[in-house]
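Q: Could we go through how the packing of two helices and the surroundings of a ligand are read from a model?

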Amino acid sequence: MILGGYMSEKYVDIYKKLDMDIEKHSELMSALFQLFSDVFLTQKNRPENIKYFDWLMSEIHGKRIEELMEFKDKNKPLVGTFCIFIPEEIVVASGGACYGLCGGAQFSIPDAERDLPRNICPLIKSAYGFKVQRTCPYTQISNFIYGETTCEAKKKTWEILNDLHPTHVMHIPHMKGKREKDLWREEIYEFKNHIEEIVGKELTFEELKKGVEIINKKREALQRLDYLRSTKPDIVPISGLDSLLVTQISFYDDPERFSDKVFELCDELEERIDKGISVCESDTPRIMVIGTPMAPPNWKLHQVVETTGGIVINEEACIGHRYFKDNIDLDGVESVEDIIERMLERYMKIDCACFTPNDERIDKIIKMYREKKADGIIYYTLSFCHTYNVESKKVIDRLKEEKIPVLKIESDYSAEDVGQIKTRVEAFLESIRFKKSFKAKR
Ligand code: SF4
Ligand code: SF4
């Protein structure tokens with residue numbers, strides 16, 4: 001695979017049109033591709049069809065941006081987001097594109113810290129820093145950035161970000177009663193109006209239905225991948241790193257093409273399972289990772305686990321199961337209002353730690369742990385993410401009651417704590433191995 005096509009002249013022309021800092025961007029991409037090669041291309045026994053996702057990653061600031069420029073030329077809405085609470089179906093229904101914004105790199109944080117406090121979550125600082133640096137083409141090309149009120153640091157950052165780039169803020173409720181649902185319904189209609197203003201027309205029932213079908217299919221593809229990677233207790237046909245890569249790319253790629261490629265990958269994974277092809281030994285500790293989302297290029301924890309003798313079989317996170325677990329039920333819908341109502345139901349099932357109480361999340365984690373025959377859980381939280389950090393107390397207490405091995409890791413995007421995390425993960429995996437061998441002997 002050739003990495004680094006982003007410097008070809010046609011892309012540089014696009015970057016100029018998008019008012020990007022080309023020199024700084026080049027520095028970012030060199031670091032990104034080096035990291036990607038080190039982390040992903042050194043893995044052994046990868047499925048053949050993962051090549052498409054490697055390619056897409058190599059073109060993440062190239063071909064994909066060229067495609068989005070075509071949307072822009074046709075005046076189709078381009079919306080960048082940091083949260084899975086965005087009703088992306090509405091953007092897709094309008095013929096536009098919705099994508100995640102870069103927010104997983106240390107590279108942009110020093111520039112963000114000139115405006116933002118050091119002691120807030122790195123995801124917010126990283127994303128804000130990319131806007132300050134003008135190094136993220138997805139941010140630069142967006143009609144607007146979608147912000148939400150899920151946590152304190154985010155909602156105050158949007159006020160500052162709005163001075164640099166138009167930012168649409170949706171008020172995400174923090175409870176799930178009738179009042180909150182009424183509020184969220186209004187927010188969905190307001191978001192729809194904003195998209196309709198850009199395209200200059202009202203969205204029809206058929207368009208909205210189509211938008212939902214496209215995103216439902218994407219979620220189904222990811223559900224199938226999630227099932228296949230963990231269905232057999234002794235065969236894991238794809239690494240956790242590669243599965244995470246696919247899920248991360250789901251936030252950037254064209255949704256229809258992406259779904260087709262994931263289904264192709266899943267067909268291959270089924271064949272690998274039939275043939276007994278696994279990326280690890282059958283007694284490798286199976287780890288579920290739960291907690292805050294891992295935006296690219298945040299691959300740190302997965303790399304540590306999988307180079308220390310474990311395998312990640314699931315992510316209970318927004319770049320993971322929380323994103324694709326629920327579809328929008330289109331059964332019997334007859335009007336735009338019906339679709340919005342179903343959308344409301346689906347989005348209110350998101351069990352982000354911004355909700356209180358959030359016991360449904362804990363019940364779900366335990367159910368998933370048993371279904372996936374996991375051996376242990378790593379509760380991962382980004383530094384200064386108060387919601388997930390505080391919620392970890394209730395989650396971990398319940399896991400201990402259920403006698404589920406659990407390790408909590410709090411980290412940021414720097415490489416400084418890799419050694420320390422590795423030591424803790426090694427000890428955790430060792431204790432799991434000991435328990436497994438003890439059980440096997442009984
Ligand atoms: S963890 Fe919460 S705030 Fe973060 S992306 Fe998920 S739903 Fe949004
Ligand atoms: S990880 Fe936590 S603190 Fe960071 S943006 Fe998400 S909810 Fe907010």
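A: Let us begin with a helix pair: α11 and α13 are roughly parallel to each other (an angle under 35 degrees, whereas over 145 is roughly antiparallel, 65 to 115 roughly perpendicular and the rest oblique). The model is a predicted one, in which local features need pLDDT of at least 70 and side-chain atom pairs count only at pLDDT 80 or more, while totals for chains, interfaces and linings use all residues. Residues are numbered from 1 along each chain as its sequence is written, and chains are lettered from A and ligands numbered from 1 in the order in which they are written.

Q: At what angle do α11 and α13 pack, and how far apart are their axes?
A: Two packed helices are described by the angle between their axes and the distance between the axes. Here helix α11 (residues 205-230) and helix α13 (residues 255-275) pack at about 20°, with axes 9 Å apart; axes are lines fitted to C-alpha atoms over the stretch in contact, and angles run from 0 to 180 degrees between N-to-C directions. Helices are DSSP runs (H or I, at least four residues) numbered from the N terminus.

Q: Which residues around ligand 1 form its shell?
A: A residue is near a molecule if its C-beta atom, placed from the backbone, lies within 6 Å of it. Around ligand 1 are Cys83, Ile84, Phe85, Thr150, Pro293, Cys318, Ile350, Cys352 and Cys354.

Q: Which helices each supply at least two residues of the shell around ligand 2?
A: They are α7 (122-133), α9 (152-161) and α18 (386-401); the residues around ligand 2 include Cys121, Thr150, Lys154 and Tyr388.
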